[in-house]
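Subject: Structure handover and findings

Dear colleague,

Please find below the structure that I am handing over to you. My findings follow directly after it.

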Amino acid sequence: MTLSHDVAGDGPVLVLLHSGVCDRRMWDTQWPALIDAGYRLVRCDLRGFGETPAPDRPHSDAEDVLALLNTLGIAQATLVGSSYGGHVALEMAAQWPDRVNALALLCSALPGHEPSAELIALGEREEALIEAGDIAGATELMVDTWLGPDADETVREAVRQMQRHAFELQMSAAEEFEPIEAECDPAAVQAPCLAVSGAHDLADFRQIAARLADMLPNAEHVELSWAGHLPSMERPSAVTDLLIGFLRERVPVG
């Protein structure tokens, strides 16, 4: 199965990987700006999000993205990942280092991370609401948790729609299949990495960004004082400028 995706632009390839509460539409604001900056962009919906069906068998999201790159004839790319999309990007960079030339990770998850009691409790609240059939309540829990104070109602509604659609898509599947997490050592990643965290995010993700800066040989950590968990949606232009600054240094155009 090929992931639903968009491709546009010319130049070095950027692959945009969405968070676990959104789909590829979360990159709508960055999309034209990064194309104008001289890059070829690919964005996709992982299984069970957006326009890609829920999984009907065990699968690896990292392998799905690699297969998409192979289908598109892309030998090497920079991966821009938000939250769970960052987790997928790190898996890819650790397993297939020759395919990844740089990483930009926004409030990224981390393979092998032991979740805090706070993050476990959040997952339990989400699961209880879903099991009770309260999809609206579960959706609002996610919107309230993951968006920082700068997110206006337009952004909250966009996340609300993407998250609710993901819940409904995943619940419609005959059987639930969680992604297979590959046995990989994120410390093996050699690609230059920008690890961004948000001061209003859960502690897990702030700690992961700081750990990545210490763990990886060529990484820098930037914490945004104004940001929650989805800074690319909360202040799109600020994050676009941050990404372009990193890319022009690490993946120059022309």
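How many bridges join strand E2 to E3, and do they run parallel or antiparallel? Strand E2 (residues 13-17) is joined to E3 by five bridges, and the two strands run parallel. Please note that this is a predicted model.

**The sheet**

Strand E3 (residues 40-44) also pairs with strand E1 (residues 5-8), here through four bridges and in an antiparallel manner. Val42 of E3 takes part in both pairings: it is the bridge partner of Val7 and also that of Val15. As for its surroundings, E3 is mostly covered, with four of its five residues buried.

These strands belong to an open sheet of seven strands with mixed pairing, in the order E1-E3-E2-E4-E5-E6-E7. At its edges are E1 and strand E7 (219-224), each of which pairs on one side only. From one strand to the next, the twist averages 15 degrees. In general terms, strands of a sheet pair through backbone hydrogen bonds, either parallel or antiparallel.

**Helices on the sheet**

Helix H3 (residues 84-95) packs on the sheet, where it touches E2, strand E4 (77-82) and strand E5 (100-106). The direction of H3 makes about 155 degrees with that of E5. Helix H9 (residues 236-250) lies across E2, E4, E5, strand E6 (193-198) and E7. With respect to E5, H9 runs at about 155 degrees.

**The pair H4 and H5**

Two packed helices are described by the angle between their axes and the distance between the axes. For helix H4 (residues 117-131) and helix H5 (residues 135-146), the axes come within 7 Å and cross at roughly 155 degrees. Angles over 145 degrees count as roughly antiparallel, and H4 and H5 are therefore roughly antiparallel to each other. Their crossing is left-handed.

Which residues form this contact? On the H4 side they are Leu119, Leu122, Arg125, Glu126, Leu129 and Ile130. These meet Ile135, Gly137, Ala138, Leu141, Met142, Thr145 and Trp146 in H5. By character, the residues of the contact of H4 with H5 divide into nine nonpolar, two polar and two charged.

Yours sincerely

Key: Residues are numbered from 1 along each chain as its sequence is written. This is a predicted model: local features need pLDDT of at least 70, side-chain atom pairs count only at pLDDT 80 or more; totals for chains, interfaces and linings use all residues. Side-chain values use heavy atoms; hydrogens and water are left out. Axes are lines fitted to C-alpha atoms, for helices over the stretch in contact, and angles run from 0 to 180 degrees between N-to-C directions. Angles under 35 degrees count as roughly parallel, over 145 as roughly antiparallel, 65 to 115 as roughly perpendicular and the rest as oblique. A crossing is left-handed if the near helix is turned anticlockwise from the far one by less than a right angle, and right-handed if clockwise. Contact means heavy atoms within 4.5 Å. Ala, Val, Leu, Ile, Met, Phe, Trp, Tyr, Cys and Pro count as nonpolar, Asp, Glu, Lys and Arg as charged, and the others, Gly among them, as polar. Buried means under 20% relative accessible area, exposed over 50%, partly exposed in between (1.4 Å probe, protein chains only). Two strands pair if DSSP finds at least two bridges between them.
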